[in-house]
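Dear colleague,

I am passing on a structure that I have been reading through, and I would be glad if you kept it open beside this message.

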Amino acid sequence: MDYALLLNHFQAEHRHSGWPRQRLLHECLRTAIKSGKLSAGTRLPPSRELAAELAMARNTVLYAYEQLATEGYVDASKRGTLVAQVKLAQAARPETTMPAPAVLSQRSRVSTALLDITVMQAFTPGVPALDEFPLGQWRHLQARAWRQVTTSQLNYGEPAGEPALRAAIADYLRVSRGVLCDTGQIFITDGTQSSLDLCAHAFADIGEQVWMENPGYHGARMAFNAAQLSIRGIAVDADGIAPEASDWQDCPPRLIYVTPSHQYPLGSVLGLARRMALIEQARACGALIIEDDYDSEFRHDGPPLPAMQGLATDAPVLYLGTFSKTMFPALRLGFIVVPRHLVAALGNFLAHTAPRGRAVDQLALAEFLSSGQFATHLRRMRRLYRQRRDALVTALEQRLGARALIHGASTGMHLSLLLPADVDDKQVSDRAMADGIVAQALSSHAAEHGCMADNGNGLILGYAQVPAQDMALAVGRLVKGMP
């Protein structure tokens, strides 16, 4: 605390009071204590030090301290003069107040009724088994990155991200996901939501049409709403997004958002014929496909499906990936693979809008990928999630029998439990939440405009965090209130 500055400000506010120095210091310190500027437990300077700092006699300081002690504002002890615990003064409320302005802009006031992303309970979707992450290895890699980092890397980094990480991601994607790319096409982001925000602002103008699956990912809808794009929901069936000829004719899109390898939230897999048709139709109308490949590494039945991006040379696809599902959400690192003809323009856009940082995290992740530790971690987690998926399916079938209509269990960390049309999935979800069970309602992911899938009534059940031995008990708590 700068007591000279404190006293100068107080003296300026009370310049007409005519108080002597003793009272001025006493009133100043008392006001600071009552307002909370000097909090309870604060040790005031010894009288000699404060007198020297304020260029006043020590007796003046002693008088102020004695008065404060008498009034109960300070306590004298062997530790010195300490500010006592006092009830802080509250400003009087005026009888009439102006209405508070809206906190958020109109375009950002969208539905926020979905689950708090920090919640970790059965069956929270989208959160990996964090207690299984090799934290010791990661700490070692970060420590090594800190030892190797240069002072220049403490500055803002390249807009596209650290070259070592971009190269490691490109190598990984070419082998594991069939993505056709080189290092220059990789742009590092702060995760999928950051990628979606970037795509919405960099590749579409206000009011332009964006298609998204219906039901679809709430985070994508948030990003497109914030960018003031016009959203059209396209119904999803057992084979994924299914646009009609009238959709292409009546409202041709600028962007098409899809989750083809494990549709979120239903879990459908977009068939090859539809993938190729979507690529060709998007190319014909000048649209870009946003391929969100968020959890395809965890393919439980058969080998991983290749990405749409690699199905055609120079496909009009913006390929999105994240390490939030394969590693841990707090890492906040994702990436976009952009078509070659857009690399220069996007790089120039980012150079003026989004300087990168966090070089150490990126360098540690680059080594985690290139050393093979990432692949080892994925293999272990794939086995674990398959066991937990199997335990969940078995428990649902045992509890619900023929009523257990399970969809989208072949990939990822969640599946959908479809409910009859006469069952309100939101009511079921609310009852489960009251019992400490997270089961998001499928209908809460419906788009505002466009056709809704017939199978959009049910629950989203994430199983990554629930040990196999605990699955039957968790399912029992979930279904006990179902009609």
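Below is what was found in it, set out region by region.

Please keep in mind that this is a predicted model. I begin with the interior, where the largest nonpolar core has 67 residues, and where those with the most contacts inside it are Phe123, Trp138, Phe323, Met327, Leu365, Leu461 and Leu478. Helix α13, which covers residues 373–400, gives the most to this core, with eleven residues. Apart from it lies another core, of 27 residues, which includes Leu196, Ile231, Leu320 and Val338. If you would like to follow one residue, Phe323 is in contact with Ile169, Phe328, Leu331, Leu333, Phe335, Leu365, Leu369 and Phe374, once its neighbours within four places in sequence are left aside.

Is Gln185, in the loop between α6 (163–176) and β4 (186–189), buried or exposed? Its relative accessible area is 3%, and because buried means under 20%, Gln185 counts as buried. The side chain of Gln185 reaches the backbone oxygen of Val338 at 2.9 Å, and, not counting residues up to four places away in sequence, Gln185 touches Leu180, Ile336, Val337, Val338, Pro339, Arg340 and Val343.

Two pairs of helices come next. Helix α2 (residues 21–35) packs against helix α4 (residues 58–71) at an angle of about 45°, with their axes 8 Å apart, so the two are oblique to each other. Their crossing is right-handed, and the residues of α2 that meet α4 include Leu25, His26 and Leu29. Helix α7 (residues 192–202) and helix α8 (residues 218–226) pack at about 35°, with their axes 9 Å apart, and this crossing is right-handed. Among the residues of α7 that meet α8 are Leu196 and Ala200.

Finally, some details of the backbone deserve a careful look, since most residues other than glycine have a negative phi, and most peptide bonds are trans. A cis peptide bond joins Asn214 and Pro215, with omega about 5°, and Pro215 sits in the loop between β5 (209–214) and α8. The bond from Tyr264 to Pro265 is cis, with omega near 15°, and Pro265 is found in the loop between β8 (255–258) and α10 (272–285). Asp314, in the loop between β9 (288–292) and β10 (317–322), has a positive phi near 55°. Arg332, in the loop between β10 and β11 (334–337), has a positive phi near 50°, and at 32% relative accessibility Arg332 counts as partly exposed.

With best wishes

How values were computed: Residues numbered from 1 in each chain as written. Predicted model: local features only at pLDDT ≥ 70, side-chain atom pairs only at ≥ 80, totals over all residues. Heavy atoms only, no water. Core = buried A, V, L, I, M, F, W, Y, C linked by side-chain atoms within 4.5 Å. Buried < 20%, exposed > 50% of the residue type's maximum accessible area, 1.4 Å probe, protein only. Helix = DSSP H or I, 4+ residues; strand = E, 2+ residues; numbered from the N terminus. Contact = heavy atoms within 4.5 Å. Polar contact = N/O pair within 3.5 Å; in protein donor to acceptor, adjacent residues only side chain to side chain. Axes fitted to C-alpha atoms, helices over the stretch in contact; angles between N-to-C directions. Parallel < 35°, antiparallel > 145°, perpendicular 65-115°, else oblique. Left-handed = near helix turned anticlockwise from the far one by under 90°.
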